[in-house]
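Please work through the exercises below with the sequence and the model open side by side, and try each task before reading its solution.

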Amino acid sequence: MSTDVQVRGPRVRDVIAVGRPAFWVVSIVPYYTGILLATHRLIPPVDEWPRLIVGAVVMGPLVWLAVLAVNDAYDLPSDRLNPRKAKSPLLDGRITLRAAKRLAFAAAVAAVGLSLHVGIVFALGVLLAVLLGYAYSVPPVRLKTRAGFDVAVNALALGAFGPLAGWAAINPDLSDFPWLMGLQGTLAAIGLYLPTTLADLESDRAAGYQTIAVRFGPRTTYLIGYTAWIAAAALSVILAATNTIIARTMLPLEVVMVPVLIAAYRKLIGPHQSFKGIITLATLFLFPCATFALTYTGVL
């Protein structure tokens, strides 16, 4: 029996490694934001918790495993040239290419199946997210290698789909969803996603992948991301000034934080990018987000 545990243990760890637990928060935080927008509460009603927890499992581990496993399977040529991917389970043989594809399919089926327990609108959104994940990675569509589409898929998935999923988990009627928040989230996601293409520029170029960074070069890619970041920051000021979604009481903080966030982008992000700066900037961005949550729910 001890031998079985030793054999199965690494396999479980390898599956988790493919799913990148560090990424789960990237979708769970926007998912929670959508719940907050729908309920006006920091903590949703207790009777909603079972469905919302299922939704969090779908949005975090399952969706990420589905899209990242298939992405790893079709990104092997560039991953072999990327030092950042040196410990990938696929590169050192801990998970085979065939197993990665099966894992992606199983996670996708599980994600869509479980999402039905949350609601039909939520499930349709999860199905769309999984299909986009496959379209991003799998030939002949392979949106990752189509400059512009690579950014659109990721920015919309993180900036708009996450909050929409949280909203749909509470209220399947999307007509009242605050779409301006989806726009702001998408702009911020563009600003944060584009530097990741710069971090992988050399390996993507060597593999022949026409990502936006390869197509337009580091300087232009950086400027597009910086412009989107400024636009997201400016929109938050406008929303606060007009008392639209963001309370006017947040305007003084917005006036202070917007220059800080813009300056931080220039300091932390550059044409030759590493993930350390992206993580630091994203962490700084959480401060105004947390303040918004407190004001939106009436705590402040």
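The exercises that follow concern a predicted model, and each task is followed by a stepwise solution.

**Exercise 1. Helix 3 and helix 5**

Task: Determine how helix 3 and helix 5 are oriented to each other, and which classes of residue make up their contact.

Solution: Begin with the geometry, in which helix 3 and helix 5 (residues 97–115) pack at an angle of about 155° with their axes 8 Å apart. Angles over 145 degrees count as roughly antiparallel, and helix 3 and helix 5 are therefore roughly antiparallel to each other. Their crossing is left-handed. Next, look at the residues that meet: helix 3 contributes, among others, Val54, Val58, Leu62 and Ala66, while helix 5 contributes residues including Leu97, Lys101, Ala104 and Ser115. Sorted by class, the contact of helix 3 with helix 5 comprises 19 nonpolar, one polar and one charged residues.

**Exercise 2. Helix 7 and helix 8**

Task: Carry out the analysis for helix 7 and helix 8, giving their orientation and the classes of their contact residues.

Solution: Helix 7 (residues 149–170) packs with helix 8 (residues 179–199) at an angle of about 140°, and the axes are 8 Å apart. Roughly antiparallel would require an angle over 145 degrees, and helix 7 and helix 8 are therefore oblique to each other. Helix 7 passes helix 8 in a right-handed crossing. The contact includes Asp150, Asn154, Gly159 and Leu164 of helix 7, together with residues of helix 8 such as Trp179, Gly182, Thr186 and Tyr193. The class division here is 11 nonpolar, five polar and one charged.

**Exercise 3. Two domains**

Task: State where the domain assignment places the two domains, and how many residues each gives to the contact.

Solution: According to the domain assignment, domain 1 covers 10–175 and domain 2 covers 178–299. The C-alpha centres of domain 1 and domain 2 lie 21 Å apart. To the contact, domain 1 gives 31 residues and domain 2 gives 27 residues.

**Exercise 4. Surroundings of Asp72 and Phe275**

Task: Decide whether Asp72 is buried or exposed, and then examine Phe275 in a similar way.

Solution: Asp72 is found in helix 3 (residues 49–74). Its relative accessible area is 2%, and since buried means under 20%, Asp72 is buried. Apart from neighbours within four places in sequence, Asp72 is in contact with Val18, Arg20, Asp79 and Leu90. Phe275, by contrast, is found in helix 12 (residues 275–296) and is partly exposed, with a relative accessible area of 25%. Not counting residues up to four places away in sequence, Phe275 touches Arg84, Thr196, Ala199 and Asp200. Phe275 and Leu198 are 77 residues apart in sequence, while their C-alpha atoms are 9.6 Å apart in space.

**Exercise 5. Backbone exceptions in loops**

Task: Explain why a cis peptide bond or a positive phi deserves a second look, and locate the cases at Pro140, His40 and Ile245.

Solution: Most residues other than glycine have a negative phi, and most peptide bonds are trans. The peptide bond from Pro139 to Pro140 is cis, with omega near 5°, and Pro140 lies in the loop between helix 6 (120–137) and helix 7. His40 has a positive phi of about 60°; it lies in the loop between helix 2 (21–39) and helix 3, and at 44% relative accessibility it counts as partly exposed. Ile245 has a phi near 70°, sits in the loop between helix 10 (212–241) and helix 11 (251–268), and is partly exposed at 24%.

Note on methods. Residues are numbered from 1 along each chain as its sequence is written. This is a predicted model: local features need pLDDT of at least 70, side-chain atom pairs count only at pLDDT 80 or more; totals for chains, interfaces and linings use all residues. Side-chain values use heavy atoms; hydrogens and water are left out. Axes are lines fitted to C-alpha atoms, for helices over the stretch in contact, and angles run from 0 to 180 degrees between N-to-C directions. Helices (H or I, at least four residues) and strands (E, at least two) are DSSP runs, numbered from the N terminus. Angles under 35 degrees count as roughly parallel, over 145 as roughly antiparallel, 65 to 115 as roughly perpendicular and the rest as oblique. A crossing is left-handed if the near helix is turned anticlockwise from the far one by less than a right angle, and right-handed if clockwise. Contact means heavy atoms within 4.5 Å. Ala, Val, Leu, Ile, Met, Phe, Trp, Tyr, Cys and Pro count as nonpolar, Asp, Glu, Lys and Arg as charged, and the others, Gly among them, as polar. Buried means under 20% relative accessible area, exposed over 50%, partly exposed in between (1.4 Å probe, protein chains only). Domain bounds come from an automatic or database domain assignment.
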